[in-house]
Amino acid sequence: MSESKAWIAGTSGLKLTPDEIAFFRDERPWGFILFARNVSEAAQVEDLTAHLRDLVRRDEAPVLIDQEGGR
């Protein structure tokens with residue numbers, strides 16, 4: 001991974017769109033951030049996290065959670 005690609009990406013919903021899949025696979029962000037729009041239940045979050053990490057080919061890619069206004 002080059003230093004110029006050390007950035008965090010967000011997603012639009014509960015599942016990745018085809019455009020997001022292609023983009024993340026090509027650009028390989030350093031990590032991801034999830035917002036309320038990305039979370040419905042534990043199994044869904046586990047699946048989304050695994051898919052994101054698979055796309056960037058790094059099991060340890062950070063997945064951050066935005067808790068502003070949350071419990």
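Which side chain of opposite charge is nearest to Glu20, and how far away is it? The nearest such side chain is that of Arg37, 7.1 Å away, and Glu20 is buried without a salt bridge. The model in which this arrangement appears is a predicted one. A salt bridge requires a side-chain nitrogen of Lys or Arg within 4 Å of a carboxyl oxygen of Asp or Glu, which means that a separation of 7.1 Å does not qualify.

The surroundings of Glu20 can be described further. Glu20 belongs to helix 1, which spans residues 18–27. Its side chain reaches two backbone nitrogens: that of Ser12 at 2.8 Å and that of Thr17 at 2.9 Å. When residues up to four places away in sequence are set aside, Glu20 touches Thr11, Ser12 and Lys15. Ser12 is thus named both among these contacts and as the owner of one of the backbone nitrogens reached by the Glu20 side chain.

The overall architecture gives these details their setting. The protein contains two helices and three strands, and the order of its elements from the N terminus is β-α-β-α-β. Of the 71 residues in the protein, 30% are buried. Among contacts with a separation of 6 or more, 60% are between residues 24 or more positions apart. The accessible surface amounts to about 4900 Å², and carbon and sulfur atoms account for 51% of that surface.

The aromatic residues come next. A search of the whole structure yields three aromatic pairs. One of them joins Trp7 and Phe23 in a tilted arrangement, with 5.8 Å from centre to centre and 55° between the planes. This pair links distant parts of the chain, 16 residues apart: Trp7 sits in the segment before strand 1 (8–10), and Phe23 sits in helix 1. Both partners are partly exposed, Trp7 with a relative accessible area of 26% and Phe23 with one of 42%. The rings of Phe24 and Phe32 have their centres 5.2 Å apart, and their planes meet at 75°, so this pair is edge-to-face. Phe24 and Phe32 are both buried. Together, Trp7, Phe23, Phe24 and Phe32 make up one aromatic cluster.

Although Glu20 has no salt bridge, the structure does hold one. That salt bridge is formed by Glu60 and Arg58, whose closest N and O atoms are 3.9 Å apart. What is the accessibility of Glu60, and is this residue buried or exposed? Glu60 has a relative accessible area of 57%, and therefore counts as exposed. Its partner Arg58 has a relative accessibility of 13% and so counts as buried, the limit being under 20%.

Two arginines in loops deserve a separate look for their backbone angles. Arg28 has a phi near 45°, a positive value in a residue other than glycine. This residue is found in the loop between helix 1 and strand 2 (31–34), and its relative accessibility of 28% makes it partly exposed. Arg57 likewise has a positive phi, near 60°, and is also a residue other than glycine. Arg57 lies in the loop that runs between helix 2 (42–56) and strand 3 (63–65). At 55% relative accessibility, Arg57 counts as exposed.

Notes: Residues are numbered from 1 along each chain as its sequence is written. This is a predicted model: local features need pLDDT of at least 70, side-chain atom pairs count only at pLDDT 80 or more; totals for chains, interfaces and linings use all residues. Side-chain values use heavy atoms; hydrogens and water are left out. Helices (H or I, at least four residues) and strands (E, at least two) are DSSP runs, numbered from the N terminus. Buried means under 20% relative accessible area, exposed over 50%, partly exposed in between (1.4 Å probe, protein chains only). Lys and Arg count as positive and Asp and Glu as negative; His and the chain ends are not counted. A polar contact is a pair of N or O atoms within 3.5 Å; within protein, one must be able to donate a hydrogen and the other to accept it, and residues adjacent in sequence count only if both atoms are side-chain atoms. Contact means heavy atoms within 4.5 Å. Rings of Phe, Tyr and Trp (its six-membered ring) pair if their centres lie within 6.5 Å; planes under 30 degrees apart count as stacked, over 60 as edge-to-face and the rest as tilted. Accessible areas come from the Shrake-Rupley method with a 1.4 Å probe; for residues, only the protein chains shown count as cover.
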